[in-house]
Amino acid sequence: MKSIRIGGVPEHFNLPWHLCIEENEFNKEEINVIWKDFPGGTGAMNNALRSGEIDAAVILTEGITRDILNGNYAKIVQTYIGSPLIWGIHVAADSPYKNSADLQHTKAAISREGSGSHLMAYVNAQNNNWNVDDLDFEIVKDIDGAVKALNEDKAQYFMWEHFTTKPLVDNHTFRLIADCPTPWPCFVIAVRDEVLKYNSQRIHTMLEVLNRKTANFKEIPEIDKILAERYNQKLEDIRKWLKLTNWSSSQLSDVEITEVQEKLLQLKLINKKVKSSEILYSLQQF
């Protein structure tokens, strides 16, 4: 049985993967999917793809697009979450800041350079008509690092997925002051070029199994309760999140990948655009 090593964030979005593993659905197709959690998010997964630590990743669209343009030998093979990601803008509970406009000229906590928390800080700055050249960052690695940085005032705000961070808002560690949705489908599946060269059929089969699970994921009996329990969420929050979230099995369109590149170029996060074929890979031939 051949193994495929997958990276992803330890968040509720990825439960379909874990259910397929636990229910031996990949194994039935003679594929051993080995999952690795990346609490540090997209920046950490980009590094792992580059080093060959993992074969594929469930990763933020803007983060992997930028890294491919910066020399990561990988391709996006399909969309995973077709709806936007809702990024919460968080401050320390006792912070004097009341809204996102108050945060101009303050420092953002980010997991690492090239991460979603880094790139979305630029999107938020543009939304607020700030000069993106003035942005300042404190690298904190993960949520625990962000808690420490905001409490010690080494950074003043932190952008992370709204519902993942909600327990820290509920227990008054953070205070949510605004939301900032991504302007495009949020999660995609990216695979290293070397793996696509030699194992495209296996990747295609793996995704067929996954897509069967996601197609009916919301209809799984009591899936809201399962998610709430496994991810330490309130049931009411999970139900809100499920209404906002749509899984996808399609590839990004040329229009969508062009939009992502144009936004990154506008924000000075890349210095050129490339053909969509240099970022996207079609598995439809299988």
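1. In this predicted model, Gly-7 stands opposite Ala-57, a residue of strand 3. Strand 1 (residues 2–8) and strand 3 (residues 56–60) run parallel and are joined by two bridges. As a general point, the strands of a sheet pair through backbone hydrogen bonds, in either a parallel or an antiparallel manner.

2. The wider setting of that pairing is an open sheet of five strands with mixed pairing, in which the order is 2-1-3-10-4. Strand 2 (31–37) and strand 4 (74–81) each have a single partner strand and stand at the edges, so one side of each is left without a neighbour in the sheet. From one strand to the next, the twist averages 25°.

3. Two helices should be read together with this sheet. Helix 1 lies across strand 1, strand 2, strand 3, strand 4 and strand 10 (187–192), and its direction runs at about 140° to strand 2. Helix 2 (residues 42–51) also packs on the sheet, where it touches strand 1, strand 3 and strand 10, and its direction makes about 150° with that of strand 3.

4. Helix 1 (residues 15–22) is largely enclosed by the rest of the structure, because six of its eight residues are buried. The buried residues are Leu-15, Pro-16, Trp-17, His-18, Leu-19 and Cys-20. After the helix comes Asn-24, whose phi is positive, near 60°.

5. Asn-14 belongs to the loop between strand 1 and helix 1. With a relative accessible area of 1%, Asn-14 is buried, since the cut-off for that term is under 20%. Once its neighbours within four places in sequence are left aside, the residues in contact with Asn-14 are Gly-8, Val-9, Trp-35, Val-58, Tyr-80 and Tyr-231. For Asn-14 and Val-169, the separation is 155 residues in sequence, and their C-alpha atoms are 22 Å apart in space.

6. A further site to inspect is Ser-117, which lies in helix 4 (residues 116–127). Ser-117 counts as buried because its relative accessibility is 2%. A polar atom of the Ser-117 side chain lies 3.0 Å from the backbone nitrogen of Ser-111. Ser-111 also appears among the contacts of Ser-117 beyond four places in sequence, together with Trp-87, Ala-109, Ile-110, Met-159 and Trp-160.

Definitions and conventions: Residues are numbered from 1 along each chain as its sequence is written. This is a predicted model: local features need pLDDT of at least 70, side-chain atom pairs count only at pLDDT 80 or more; totals for chains, interfaces and linings use all residues. Side-chain values use heavy atoms; hydrogens and water are left out. Buried means under 20% relative accessible area, exposed over 50%, partly exposed in between (1.4 Å probe, protein chains only). Helices (H or I, at least four residues) and strands (E, at least two) are DSSP runs, numbered from the N terminus. Two strands pair if DSSP finds at least two bridges between them. Axes are lines fitted to C-alpha atoms, for helices over the stretch in contact, and angles run from 0 to 180 degrees between N-to-C directions. Contact means heavy atoms within 4.5 Å. A polar contact is a pair of N or O atoms within 3.5 Å; within protein, one must be able to donate a hydrogen and the other to accept it, and residues adjacent in sequence count only if both atoms are side-chain atoms.
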